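Q: Could you take a close look at the part of this model where the two chains meet, and then walk me outward from there? I'd like one connected account rather than a list.
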Number of protein chains: 2
Amino acid sequence: MRVEILCTGDEILTGKTINTNYSHIARRFTEVGLDVHWGTTVGDDRATLLKAFLQAGERADAVIVNGGLGPTVDDLSQELAAEACGVPLVLNEMWLERMTQSYARRGRVMPANNRKQAMLPEGAEFVDNPIGTACGFAVTIGKARFIFTPGVPREMRRMLDEQVIPRFLKIAGVNVVTRLKRFHSFGIGESRADEMLAGIPGLAIDGDIKLGFQAHFPELETKLAIRAADEAELMRRLAPVEAEVRKRLGNFVVAEDNDTLESVVLAALKSGGQTLAIGETVTGGIVAARVAPLPGAEGVFRRGTIAPAVSTEALLKESGASIALAVDVKLDDSMDKPDSGGTVTIAIAGAKGSVTRTARLVGNRDWVRNGACELALDGLRRHLKGLPVDERIDFERR
Amino acid sequence: MRVEILCTGDEILTGKTINTNYSHIARRFTEVGLDVHWGTTVGDDRATLLKAFLQAGERADAVIVNGGLGPTVDDLSQELAAEACGVPLVLNEMWLERMTQSYARRGRVMPANNRKQAMLPEGAEFVDNPIGTACGFAVTIGKARFIFTPGVPREMRRMLDEQVIPRFLKIAGVNVVTRLKRFHSFGIGESRADEMLAGIPGLAIDGDIKLGFQAHFPELETKLAIRAADEAELMRRLAPVEAEVRKRLGNFVVAEDNDTLESVVLAALKSGGQTLAIGETVTGGIVAARVAPLPGAEGVFRRGTIAPAVSTEALLKESGASIALAVDVKLDDSMDKPDSGGTVTIAIAGAKGSVTRTARLVGNRDWVRNGACELALDGLRRHLKGLPVDERIDFERR
């Protein structure tokens, strides 16, 4: 099945807003096995919108339209959808009533121009938006089924998962539930992770469970996307593969799903009743800035110091914390040579004893700093969990 | 003139990479007065590329194609451009020679598959890429002039400004030079800035000098885009408007063009022979992390402290710095109420005396933290430049 993504709005057409809605939609479709084959961006202009709808209706089987459902005069999606279908706009009484009540609950009167958001093409299928005033709808234009969604990212994301993907999978002839399992790792590149996961039955780029990677240096995200007839079958097939992936990536997995390296570190500190001090030199505050502002860090993070030299001994003494992390970086004198970079030294000291780790990273200043920050927090994670702190990573040179 | 942007590549089609090339190109076109009316994203697929080229050739007058010029088998732009034009690919000897020499200068032999990058559609206009192995080229498909550019952002951006924009402006019938003047401000919203700049002759959204805004909370970017027949005319018309904008935005302008608030603060500290210590509480290192890692900050930034309480007196004493900046934030007990937020207190002490400033910011934790960080650095900027530190900003409630 050929799926298209059609984004509307002058702000994204002219580049004022970066179109992250497009990449989110495309990624989610790809993850559930829907084949995205064309993306279109057009502005708030009647003739262009009509042409875009008609051309997509000729090329595709299913189209998601994003944007243009707001209450203002430049929101034209319903109007041009109706024109492309050759039908009038009609009032959806149910949606008007829901909007009116939603305003009333907040003690407000619905502005008159919101009524426009309840005008849908005659015969359109209503597509619910549980958290906004722009409802979605579905119509057929040419040979494609179109689903219209609002441009507000929070509303679009929820409708995409709850409304659009199930409908598109149904059009594709698959009645399924889907799941995306994510592992966040540090220390291995995409090609090495690919090798480490080779040969797991059913797991492949085009396998029964789709394997995908996304690099966000210095971390790598490993994604397992699965479709199944029902939840029970999904768990039955996913569980052993998920366990095998966790085992193979091993110590390099820093967090799973919505957790982050820093949230995992914070949770480990909390569960051990520990308090933390961080000392930094060249990283200039970026290590502390990942931990200290986290919700719940108030009772754990005691003190941060940014100075030309830091030691765990001094940190423990001046902070009264139970564990100290010190990160030092010596950047090369000249950062212009091909193999220039810096040498990172991390030291951890506390009740469980002390440990140090040195690694040479190659790259520009920001690259080395970000690598040092990750290396420091990952070292602390490993120390807290009793894992080897000096395990070699792909980014270091020895 | 109708301009289109056509981006190719599976990574952007499937959302694996966010398409920031699109937004950069669209913004630059809009800034120089070229009318972007359509954007297309397609993958590395022969039939789709051909259709995309032909359809754009029917709709547009000028098309920039981005991506697909690399040395690997999935880079198909030259091949399909030739097919759309109905001509064969021919070797560009000059480009092959330049690539060969470029490899030789780095002591390497050019891999055989790079030869593919010198194969251009017969009759194509060569478009120089001074910093990469993928040269650009221009051909006519349908009624539109197409210019092909590489997907590497650094190469694309340079070619866009030096090669593509001048050619497209020429097609549009305007032989001009262009300039984009940028002001970065803190403390005023887009609508207030718009009011402050009202009535400046020639300056408007569709004026002789195009006015545009881009909000990157907590900063606002104000852009003046100008086209002129030559450099002398450009300066003659821009200079008075630029001076008037600078005057009206006044103390709120924190930096211009490629400068940033933190680079301006660092330069002011340096020129005054000062050294700096920063103390933070709830911001947890994000203030220090904006200053300490800057090139040239080594001799200026003495020490940072993140602790439950900080004072300028203690900071000066323990760091030996000549000036201290302390930032404290008290977040509301409950962050769930509609008007919740936090109270920011900044204190600056040094040879020029000491000053404090308190502001209440409304928003979620990250919003308040980022606002506090900006308020602190802007307070320091104002203090160093002898400007009022307590000038009211749009984001604060009193």
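A: Here's the tour, beginning at the contact between the chains and moving into each fold from there.

Keep in mind that this is a predicted model. Chain A has a mean pLDDT of 94, and 100% of its residues reach 70 or more. For the model as a whole, the scores are ipTM 0.79 and pTM 0.82.

Now to the contact itself. On one side you have 38 residues of chain A, and they are in contact with 38 residues of chain B. On chain A's side, the elements giving two or more residues are helix H2 (20-31), strand E2 (35-42), helix H3 (46-59), helix H10 (288-291) and strand E15 (301-306). H2(A) gives the largest share of that side, at eight residues. If you sort the chain A side by residue type, you get 15 nonpolar, 19 polar and four charged.

E2(A) is worth zooming in on, since it also pairs with a strand across the chain boundary. Its partner is strand E2 (residues 35-42) of chain B, and the two pair in the antiparallel sense over three bridges. Look for Thr40(A) there: it stands opposite Thr40(B) in E2(B).

How do the two copies relate overall? A turn of 180 degrees with a shift of 0.2 Å along the axis lays chain A on chain B with an RMSD of 0.2 Å. The copies are therefore related as by a two-fold rotation axis. Both of them use the same surface, too, as 100% of the contact residues of chain A recur in chain B.

Stepping away from the contact, have a look at the open sheet in chain A. It is built from five strands in the order E10-E11-E12-E9-E13, with mixed pairing. At the edges stand strand E10 (203-204) and strand E13 (253-256) of chain A; each has a single partner strand, so one side of each is left without a neighbour in the sheet. Further in, strand E9 (residues 177-186) and strand E12 (residues 219-228) of chain A pair in the antiparallel sense over 10 bridges. One pair to pick out along that ladder is Arg182(A), whose bridge partner in E12(A) is Lys223(A).

Two backbone oddities belong with this sheet. Phe217(A) and Pro218(A) are joined by a cis peptide bond, with omega at about 5 degrees. Pro218(A) sits in the loop between strand E11 (209-216) and E12 of chain A. Chain B has a cis peptide bond from Phe217(B) to Pro218(B) as well, with omega near 5 degrees, and Pro218(B) is in the loop between strand E11 (209-216) and strand E12 (219-228) of chain B.

The other oddity is Asp257(A), which has a positive phi of about 50 degrees although it is not a glycine. You'll find Asp257(A) in the loop between E13 and helix H9 (261-271) of chain A. Asp257(A) counts as exposed because it has 9 C-beta neighbours inside 10 Å, and the cut-off for exposed is 12 or fewer. Over in chain B, Asp257(B) also has a positive phi of about 50 degrees, and with 9 other C-beta atoms within 10 Å, it is exposed.

For a contrast, try strand E7 (residues 136-141) of chain B. Five of its six residues are buried, so E7(B) is largely enclosed by the rest of the structure. Strand E6 (residues 125-127) of chain B runs antiparallel to E7(B), joined by three bridges, and Val127(B) has Gly136(B) as its bridge partner in E7(B). E7(B) is also joined to strand E8 (residues 144-149) of chain B by five bridges, again antiparallel. Here Phe137(B) has Phe148(B) as its bridge partner in E8(B). The hairpin of E7(B) and E8(B) has two residues between the strands, and Gly142(B) takes a positive phi near 60 degrees in it.

Last stop is the nonpolar core. In soluble globular proteins, nonpolar side chains tend to be buried together. The largest nonpolar core here has 228 residues, and those touching the most other members are Phe146(A), Leu325(A), Ala376(A), Phe146(B), Leu325(B) and Ala376(B). Take Leu325(B): leaving out residues up to four places away in sequence, it touches Leu276(B), Ile278(B), Ile346(B), Ile348(B), Ala376(B) and Leu380(B).

Methods:
Residues numbered from 1 in each chain as written. Chains lettered and ligands numbered in written order. Predicted model: local features only at pLDDT ≥ 70, side-chain atom pairs only at ≥ 80, totals over all residues. Contact = placed C-beta atoms within 7 Å. Helix = DSSP H or I, 4+ residues; strand = E, 2+ residues; numbered from the N terminus. Nonpolar A, V, L, I, M, F, W, Y, C, P; charged D, E, K, R; others polar. Pairing = 2+ DSSP bridges. Least-squares fit on C-alpha atoms with pLDDT ≥ 70 in both. pLDDT = per-residue confidence, 0-100. Buried ≥ 20, exposed ≤ 12 C-beta atoms within 10 Å, placed from the backbone. Core = buried A, V, L, I, M, F, W, Y, C linked by C-beta atoms within 7 Å.
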